[in-house]
Amino acid sequence: MWKFNKLGSALLLFALAAIVAFAALDYSDASKGSFSRFHLSPSSPFSWLTPPLSPLPSPIHTNPKESTEDQYVVKRTEEGDGKLKRLEGELATARALIREAINSRPNDTKALQDSYYVPQGNIYRKASAFHRSYLLMEKLFKIYVYKEGEPPLFHYGPCKDIYSMEGVFINSLEINKQFQTQNPDEAHVYFLPFSVVMILQHLFHPVIRDKAVLGRTIGDYVRIISHKYPYWNRSYGADHFMLSCHDWGPRSTWYVKELYFISIRVLCNANISEHFNPKKDASFPEINLKTGETGGLLGGYPAWNRTILAFFAGKMHGRIRPSLFQHWKDKKDKNVLVYETLPEGFSYEEAMKKSKYCICPSGFEVASPRIVEAIYAECVPVIISQHYVLPFSDVLNWHSFSVQISVSEIPRLEEILMGISHEQYLRMQENVKKVQRHFVVNYPPKRYDVFHMIIHSIWLRRLNVHVK
């Protein structure tokens with residue numbers, strides 16, 4: 001029996017590989033214009049150039065015994081046309097208002113009417129456009145969470161480990177009344193509430209290692225909601241999104257070609273070399289909440305009392321860290337401290353709070369929780385990565401509060417950091433303090449925090465899609 005299962009799994013993987021290959025051909029054709037129903041705009045923020053998406057044809061019923069549920073779906077599709085036009089009208093108005101903010105002069109403050117917080121300064125790529133977009137999101141944006149599926153695989157996620165943002169987002173959205181709607185006809189986007197972490201924890205066998213369990217679970221879920229509701233079929237899934245912070249988050253979407261090529265994928269592992277597509281996919285931060293809370297993590301020593309130039313401690317894995325360890329591990333140089341194992345009595349958290357710069361190299365995957373750890377400690381992140389789309393880079397100007405160096409520059413790390421003037425460092429560190437609010441986890445969520453920034457990233461992707 002085991003040999004049969006192994007052979008079956010191998011055949012299934014081969015078939016899925018063929019499906020992905022054909023999907024890639026379809027996508028290639030789409031990019032050349034032959035797939036006229038779907039096209040994505042350039043990846044620049046706040047650009048909405050897409051033509052409308054035509055709906056898929058309604059199902060043709062040939063079996064008189066087909067369920068009344070399927071007939072209900074077709075009827076609801078016809079009845080929902082007016083509501084869909086209203087939703088698209090709202091989004092068209094939002095696009096126009098945000099364009100107005102983009103084209104406004106830097107000192108134009110018409111859109112900046114908010115007693116809670118006014119985004120401004122060079123931590124933003126275009127502060128007035130972000131503010132206008134954010135306020136419109138709060139006023140208009142509605143998300144429908146599919147009710148199908150049971151915990152722990154659905155509607156649930158981890159909140160106390162390196163993948164905590166998966167659970168934090170799912171749990172926060174499930175109880176949110178501002179953005180969540182119970183009426184799917186009122187929704188701008190639809191959330192597929194599966195947790196990649198929980199699927200692997202409960203269904204992935206450590207010996208057999210059948211990764212296709214992701215495909216079976218997620219594929220079945222998409223089939224269920226696409227037969228029960230009209231929304232997936234009318235847009236090819238373009239107004240649907242999934243979210244995952246697991247390293248295999250991108251892999252989990254391979255098995256449903258619309259989910260992979262068309263839907264909004266919100267991923268920590270935002271790696272362009274692994275087909276992360278900034279035109280439709282959104283990057284969000286990896287945050288390691290060991291206790292489930294941020295208490296004690298926020299804040300650090302004042303700039304004048306940060307006695308360590310640069311600090312890193314972590315395991316040796318991935319393609320970047322070997323070079324970092326080769327040049328800087330356990331060196332006698334007191335300016336750059338790089339450890340694989342911390343010396344006895346040496347506090348990781350205390351070292352970050354006392355460092356001017358915190359080194360954040362990628363590990364097995366491009367995302368690293370150290371970036372947010374650095375921001376929490378008010379330490380300027382030194383990001384060493386390849387092909388990584390940084391979180392919220394649609395609106396945040398990462399160059400204003402971080403240092404980004406290439407792998408080839410690792411031997412010159414100290415030279416590069418010492419070459420940054422004290423005044424420039426102070427500006428970057430002050431910007432780290434300012435941008436911190438956008439990465440903080442709150443219970444319940446607060447305006448402009450990490451939950452709302454993730455929602456805003458999804459809002460921007462939905463603005464890039466027209467459904468008719």
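This text walks through a predicted model, from the overall fold to selected strands, rings and contacts.

Start with the whole chain. The protein carries 15 helices and twelve strands. It has 468 residues, and 54% of them count as buried. Among contacts with a separation of 6 or more, 72% join residues 24 or more positions apart.

Now take one helix. H4 covers residues 127-140, which makes 14 residues. From its first C-alpha to its last, H4 reaches 20 Å. That is close to the 20 Å expected at 1.5 Å a residue. H4 is mostly covered, with twelve of its 14 residues buried. The buried set includes Phe130 and Tyr134, along with charged names such as Arg132 and Glu138. What do these buried residues pack against? Their partners are helix H3 (81-102) and helix H15 (450-463).

Two residues of H4 also belong to an aromatic group. Phe130 and Tyr134 form one cluster with Tyr116, Tyr117, Tyr124 and Tyr448.

Aromatic contacts recur elsewhere. The count comes to 29 aromatic pairs. One of them is Tyr144 with Tyr146. Their ring centres lie 5.6 Å apart and their planes meet at 90 degrees. An angle over 60 counts as edge-to-face, so this pair is edge-to-face. Tyr144 has 5% relative accessibility, so it counts as buried. Tyr146 is buried too, at 0%.

Phe191 and Phe241 have another geometry. Their ring centres are 4.7 Å apart, with planes at 25 degrees. Planes under 30 degrees apart count as stacked, so Phe191 and Phe241 are a stacked pair. Phe191 sits in strand S3 (residues 189-191), and Phe241 sits in strand S4 (residues 240-244). The pair therefore ties together parts that are 50 residues apart in sequence. Are these two rings buried or exposed? Phe191 is buried, at 1% relative accessibility. Phe241 is buried, at 0%.

Some rings face a charge instead. Arg251 lies over the face of Trp248, 5.6 Å from the ring centre. Lys329 places its charged end over the ring of Phe325, 5.8 Å from the centre.

Phe325 falls within helix H10 (residues 321-328). That helix is part of a larger motif: S7, H10 and S8 make a right-handed β-α-β unit. Strand S7 (residues 308-313) and S8 run parallel, joined by four bridges. Within this pairing, Phe311 has Leu337 of S8 as its bridge partner.

Look along S8 next. In a regular strand, side chains alternate between the two faces of the sheet. Strand S8 (residues 336-339) shows Val336 and Val338 pointing one way. Leu337 and Tyr339 point the other way. All four are buried.

Finish in a loop. Pro158 is found between strand S2 (143-145) and helix H5 (164-174). Its relative accessible area is 11%, and buried means under 20%, so Pro158 is buried. Which residues does Pro158 contact, leaving aside neighbours within four places in sequence? They are Tyr163, Ser164, Glu166, Gly167, Val168, Ser195, Val197 and Met198. Asn171 gives one further distance. Its C-alpha atom is separated by 9.4 Å from that of Pro158, 13 residues apart along the chain.

Definitions and conventions:
Residues numbered from 1 in each chain as written. Predicted model: local features only at pLDDT ≥ 70, side-chain atom pairs only at ≥ 80, totals over all residues. Heavy atoms only, no water. Buried < 20%, exposed > 50% of the residue type's maximum accessible area, 1.4 Å probe, protein only. Helix = DSSP H or I, 4+ residues; strand = E, 2+ residues; numbered from the N terminus. Pairing = 2+ DSSP bridges. Right-handed = clockwise from strand over helix to strand, strands pointing away. Phe/Tyr/Trp six-rings, centres within 6.5 Å; stacked < 30°, edge-to-face > 60°. Lys NZ or Arg CZ within 6 Å of the ring centre and 35° of its normal. Contact = heavy atoms within 4.5 Å. Expected span 1.5 Å × (residues − 1).
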